[in-house]
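Here are a few exercises to work through with the model open beside you. Try each one before reading its solution.

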Amino acid sequence: ALKLRAGDKHCLVARSKCYLKLGDTENSLKDAEASLQNDKTFSKGLYQKAETLYTMGDFEFALVFYHRGYRLRPELQKFRLGIEKSQEAIVNCIGSPSSVKLENKEDLCFISRQAESKKANQKLQNKVTMDQKWTRKQRPVRNPKTERELLGELYADKAYLEKLLKDEDLMESSTKQGIKVADLVLSGISYLDTRSEFWQQQKPIYARVRERKLRQQRWIRDKKRKPAEVGRYIVKSMEDIDMLLTGNCPEESCKKAERVLKRIQGWSDDEVPNKNELIGNLHSCIGNAQLEMGQMEAALQSHKMDLEFARQNDLRDAVSRALGNVGRVYARIGKFQQAIDTWEEKIPMAKSSLEKTWLFHEIGRCYLELNEAGAAQNYGQKSLQSADEEGDAEWQLHATVLVAQAQVKLKDYRSAIMNFEKALEKAKLIHNEAAQKAIIIALDDVSKSFIEELNKRREEPTIAFSSPDYDFSSEDTKADDFEKFREREESEESAENQDDEKQKEDARNCKEEHGNSKEGGSEQENKE
């Protein structure tokens with residue numbers, strides 16, 4: 001692009017960025033300055049030159065060009081950020097103005113110009129030529145601890161490259177492109193040295209130490225909070241945890257609760273008077289979040305820790321809360337008997353009718369899962385009674401459905417149909433369409449079962465003698481019934497026989513009369 005259009009400022013800035021990425025700060029600076037040659041107000045060129053100077057460690061000149069760009073384009077955020085980071089780097093290098101104290105002493109001596117020139121000549125004589133300097137050039141050996149702190153994760157890479165230098169055979173070899181491996185390794189080490197020097201200038205070790213001390217002081221200051229600040233922090237944190245959980249963000253809620261728990265555990269009992277109660281409450285919040293995330297075992301462990309803290313500190317309300325949560329986890333993982341035992345322990349601690357409604361309903365539901373329909377019906381009726389006392393239509397619906405389902409298991413279909421109809425009325429009252437559909441389907445199933453049972457009862461007398469399930473316990477009664485049946489059959493048979501004999505006799509009489517009349521007629525004819 002530059003061959004086609006030499007001196008294009010946009011292309012020069014783009015190439016300057018590439019040079020800077022490669023660590024070639026000299027060529028990067030040349031291109032940045034070339035982009036400003038014809039247009040001193042070119043904002044991209046000003047920013048690129050400032051970035052290059054900053055990377056080279058010339059923080060003061062970088063600050064100058066950041067300011068020039070900011071005056072020209074104050075709406076660009078990058079110039080303001082450049083000013084801030086340059087000022088911070090300068091302060092790190094020389095210290096803040098407040099930390100520097102100038103002293104004016106009367107016995108100060110001033111060096112004459114001749115003395116200055118004499119010293120300059122001595123320095124020139126001591127200097128070596130560029131060639132000698134290049135051949136004998138050795139970087140000062142830096143403390144490994146200091147170098148590790150400056151390079152961070154890159155320290156391991158530098159140590160690896162320095163280890164490769166000891167392999168003479170490898171250093172003598174070359175790549176497919178003809179580049180010596182030694183040159184590649186040395187260039188990598190040189191780049192890391194350049195970076196460490198830059199970071200040393202940007203933020204010297206003493207500045208890092210000062211920052212560490214400031215962080216420690218801030219941590220100590222935060223640790224010694226006032227009771228009012230502690231209270232506000234706890235209240236705000238608990239509100240955030242609850243809001244995240246109700247807002248379908250259980251993972252964030254769990255992380256927030258764990259952070260708050262870790263912080264409170266580090267505070268003293270004087271700073272947090274109700275520390276144990278608060279720790280138990282946070283375990284409960286963590287358990288609820290884990291339950292929503294499907295981490296059942298972790299949730300059970302968290303709620304058991306809440307229960308343990310509550311029992312150790314004799315906190316009745318906390319014990320009640322923990323028992324409810326533990327039972328809820330047991331029910332979710334299918335351990336219904338453990339859930340029943342846990343919830344039955346909680347029953348005496350229930351304070352309101354609504355809490356009893358929920359508790360009785362859940363226990364009844366577990367009994368229904370265990371196919372103990374009688375106990376399920378009993379707890380369902382208790383739940384319905386508590387719901388009636390509270391006047392809660394929704395829980396009345398749930399309790400009525402539970403009772404009806406238990407009655408279906410008990411094959412009391414008539415009562416089940418009545419309760420399902422009551423539940424349907426409650427569902428219509430609270431406009432719960434999903435419940436209405438489910439109840440209608442259940443009603444159809446129960447009605448079919450009830451009709452089948454009625455049909456079986458009607459068929460029982462006709463198949464009594466042939467059915468293998470027929471009860472033969474009262475043989476005398478059945479024998480009498482059989483004799484009566486035989487007598488009825490015989491009487492009917494004799495009556496039929498009598499009717500047949502009578503009909504035969506009538507027929508004979510009629511025949512005789514007909515014969516007589518016929519003979520009389522023939523005699524008359526003969527007389528004639």
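**Exercise 1.** Work out what percentage of residues 403–430 is helix and how far apart the end C-alpha atoms are.

*Solution.* This is a predicted model, so go by its coordinates. Over residues 403–430 the chain comes out 86% helix and 0% strand. The C-alpha atoms at the two ends sit 19 Å apart. Now bring in the record: an unreviewed UniProt entry lists residues 403–430 as "coiled-coil region".

**Exercise 2.** Do the exercise again for residues 320–353, then look up the annotation.

*Solution.* Start with the chain itself: 74% helix, 0% strand, with the end C-alpha atoms 15 Å apart. Then the label: in the unreviewed UniProt entry, this stretch carries "repeat: TPR".

**Exercise 3.** Which residues of helix α2 are buried, and why do they lie on the same side of α2?

*Solution.* Step one, find the helix: α2 runs over residues 25–35. Step two, pick out its buried residues, which are T25, S28, L29, D31, A32 and S35. Step three, look down the axis: these residues span an arc of only 165°, so they end up on the same side of α2. Step four, flip to the face turned away from that buried side, where you'll find the exposed residues E26 and K30. Last, ask what the buried residues pack against: α1 (9–22) and α3 (43–56).

**Exercise 4.** Are α1 and α2 roughly parallel or antiparallel to each other?

*Solution.* Take the angle first: the two helices pack at about 165°, and their axes are 8 Å apart. Angles over 145 degrees count as roughly antiparallel, and therefore α1 and α2 are roughly antiparallel to each other. As for handedness, α1 passes α2 in a left-handed crossing. On the α1 side, the contact is made by K9, L12, V13, R15, S16, Y19 and L20. From α2 come T25, N27, S28, D31, A32, A34 and S35.

**Exercise 5.** Is T357 buried or exposed, and which residues does T357 touch?

*Solution.* Locate T357 in helix α19, residues 353–369. Its relative accessibility is 1%, so T357 counts as buried. Leaving out residues up to four places away in sequence, T357 touches S383, S386, A387 and W395.

**Exercise 6.** Zoom out: how many helices and strands does the protein chain have?

*Solution.* Tally the secondary structure and you get 24 helices and zero strands. Next, burial: 31% of the 528 residues count as buried. Finally, take the contacts with a separation of 6 or more; residues 24 or more positions apart account for 53% of them.

Definitions and conventions: Residues are numbered from 1 along each chain as its sequence is written. This is a predicted model: local features need pLDDT of at least 70, side-chain atom pairs count only at pLDDT 80 or more; totals for chains, interfaces and linings use all residues. Side-chain values use heavy atoms; hydrogens and water are left out. UniProt positions are given in the numbering used here, feature names are shortened, and annotations may be inferred rather than shown by experiment. Helices (H or I, at least four residues) and strands (E, at least two) are DSSP runs, numbered from the N terminus. Buried means under 20% relative accessible area, exposed over 50%, partly exposed in between (1.4 Å probe, protein chains only). The arc is that of the directions from the helix axis to the C-beta atoms. Contact means heavy atoms within 4.5 Å. Axes are lines fitted to C-alpha atoms, for helices over the stretch in contact, and angles run from 0 to 180 degrees between N-to-C directions. Angles under 35 degrees count as roughly parallel, over 145 as roughly antiparallel, 65 to 115 as roughly perpendicular and the rest as oblique. A crossing is left-handed if the near helix is turned anticlockwise from the far one by less than a right angle, and right-handed if clockwise.
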